[in-house]
Amino acid sequence: MTRPWRMAALAALIAVLVIALTPYLWLFMTSIKTRIDALADAPVWAFTPTLEHYPKVFLDKGYLPLVFNSLIVASVTTALSLVIGVPAAYAFARYNFVGKEDLFFFFLTTRMAPPISVVVPMFLLFGYVGLIDTRTSLILAHTTFNLSLVVWMMRGFFDDIPREIDEAGQMDGHTRAGVFFRILLPLAAPGIAATAVLCFMLSWNEFLYAFILVAFEGRTLTVGIPGLVTPHGTLWGQVAAVAVVATLPIILFTFLVQRHLVRGLTFGAVKG
Amino acid sequence: MFLTPSVVLLVVLLLGPFIYMVGVSFTDLNYALPGRDGSFLGFDNYRRLMRDDPVFWESFRTTLVFVLGVVSTEFILGFAIALLLFHQMQRRRIVLTLLLIPMMLAPVAVGLMWKLMLQGEFGMLTYYLREIGLIGPQTALLGDHRIVLWTVMATDVWEWTPFVTLVVLAGLLSLPREPFEAAIMDGANRWQVFRDITVPLLRPIIALVLLLRAIDAFKEFDKVFILTGGGPGNTTELLSIYTWRVNFRNWDLGYGATCAFMVYLVVLILCAVFYKAVYWTEGRVQK
């Protein structure tokens with residue numbers, strides 16, 4: 001490309017970056033601004049930071065348990081989805097059986113199903129068995145969508161491992177299960193790690209299921225956010241503080257799994 | 001064997017409740033009204049949906065406008081940014097990762113961020129838009145029923161354009177070099193190369209991106225719920241928000257199940273199209 005074009009392209013990219021990042025920067029700044037700075041008529045960019053909102057909302061208002069709830073729900077969901085989903089993905093990658101692709105399509109539909117349509121019957125069912133407002137109900141709900149993510153992503157990773165490796169393992173006297181546990185799982189470990197991080201993020205970010213299924217005891221961070229937004233007199237510093245805590249780990253994780261995001265978000269259709 | 005636990009879990013947690021929900025959609029179950037304890041109604045709820053519920057159809061229309069608007073805008077912008085990044089060799093990875101942040105954040109947090117910036121009295125963006133005269137001094141971007149849907153769509157474009165960029169860039173990077181070299185040897189200009197080689201080669205990726213975005217946009221709830229709650233009036237009441245209101249505000253669960261079933265049906269159709277378009281053409285299904 002010619003030099004002026006190159007400069008124009010670079011300028012455009014920088015503009016895109018600024019647009020993409022400013023709203024988050026503003027949220028972060030609001031979380032460390034005094035109420036007066038936050039509500040000033042003209043936007044304030046330079047100010048003396050304060051950390052008062054964080055202890056106020058997490059300790060005085062009792063939002064700390066929400067962090068634990070989010071952590072527990074996301075971790076257990078991830079573990080459960082992996083334990084159940086990885087063997088299923090292996091089966092899809094290595095075995096042929098009747099109705100295989102129909103079953104695979106079924107897994108896809110569970111991932112794509114609109115949460116609002118799934119949560120209505122779940123609410124009725126969990127109410128019937130007395131699981132409403134427990135972390136268990138939310139873990140089960142989140143596992144339904146993460147499980148199919150695991151199956152879709154891990155099938156791709158297993159497909160990438162040549163079958164000759166299985167055969168070599170069997171020659172060495174391993175059973176099929178032995179090949180799976182001793183040889184394939186270690187080989188697929190980087191894929192499993194990336195899948196785990198994605199599962200964790202999706203559960204941590206999830207709102208609608210949590211909003212309907214857990215109202216008080218089992219509330220997660222995302223459910224805590226709308227509770228702080230009121231038609232009048234919203235304490236923006238405090239809401240922003242909750243939102244920052246809810247999003248910082250995700251930004252960190254994004255850097256960790258960036259390589260595998262394409263595959264995870266396109267159901268394995270694009271390798272990236 | 002390997003598959004049983006996952007299938008059992010999904011059948012118990014998804015298929016079971018789903019069938020139960022279809023059952024409920026034929027009843028008058030309502031937690032808010034006495035005596036509506038779920039007696040069988042036949043197809044009454046479906047008749048009501050088709051004939052006597054203008055709000056549902058208005059919501060359907062809003063959702064269609066939303067989906068078509070955001071998917072087309074995100075596609076054009078995201079594709080353009082992917083092309084920019086494709087030609088930008090240095091530090092591509094870090095720039096891409098930074099660009100992805102909007103779509104990785106919890107959608108609730110995204111809604112909150114924009115609500116903060118679009119506040120009528122002290123919102124940062126409202127202030128600057130008024131300063132440069134783009135909107136009137138009294139206009140509130142989230143309060144004016146004529147523009148609120150556009151505002152909400154703009155936030156969705158901000159959030160999901162990076163997704164298009166991510167996938168299209170991955171597609172661009174995976175293309176073979178030879179057709180491009182041959183075309184340039186034959187004297188094709190940039191635009192011809194783009195139109196006759198890049199786009200046709202990327203067709204499966206384009207189909208994938210459009211379908212995935214359409215399905216996701218159709219299900220949109222979190223962000224719009226925080227931003228406007230469906231209002232003012234019901235100008236931004238997407239189908240998922242309407243279904244939520246029928247079920248969990250009016251507690252009209254029989255009719256709510258009917259609405260939820262309709263939403264599911266639309267997504268299922270889109271999903272089948274997705275599967276056919278993406279996986280069959282790639283020959284993966286036959287493998």
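Here are three short exercises with worked solutions on the predicted model above. Residues are numbered from 1 along each chain as its sequence is written, and chains are lettered from A in the order in which they are written. Local features need pLDDT of at least 70 and side-chain atom pairs count only at pLDDT 80 or more, while totals for chains, interfaces and linings use all residues.

**Exercise 1.** Find how many residues of chain B are in contact with chain A, and sort them by character.

*Solution.* Start with the contact rule: C-beta atoms, placed from the backbone, lie within 7 Å. By this rule, 70 residues of chain B meet 72 residues of chain A. Next, sort the chain B side: 58 are nonpolar, 9 polar and 3 charged. Here Ala, Val, Leu, Ile, Met, Phe, Trp, Tyr, Cys and Pro count as nonpolar, Asp, Glu, Lys and Arg as charged, and the others, Gly among them, as polar.

**Exercise 2.** Which residues does Val242(A) touch, not counting residues up to four places away in sequence?

*Solution.* Apply the contact rule again, leaving out those sequence neighbours. The partners are Val57(A), Tyr63(A), Leu221(A), Gly224(A), Ile225(A) and Leu228(A).

**Exercise 3.** Locate Asp133(A) and Trp251(B), and decide whether each is buried or exposed.

*Solution.* First, the backbone: neither is a glycine, yet phi is positive, about 65° for Asp133(A) and about 55° for Trp251(B). Second, the place: Asp133(A) lies in the loop between helix 6 (115-128) and helix 7 of chain A, and Trp251(B) in the loop between helix 11 (239-248) and helix 12 (253-280) of chain B. Helices are DSSP runs (H or I, at least four residues), numbered from the N terminus. Third, count other C-beta atoms, placed from the backbone, within 10 Å: 20 or more means buried, 12 or fewer exposed, and in between partly exposed. Asp133(A) has 17, so it is partly exposed. Trp251(B) has 14, so it is partly exposed.

Notes. Two residues are in contact if their C-beta atoms, placed from the backbone, lie within 7 Å. Helices (H or I, at least four residues) and strands (E, at least two) are DSSP runs, numbered from the N terminus.
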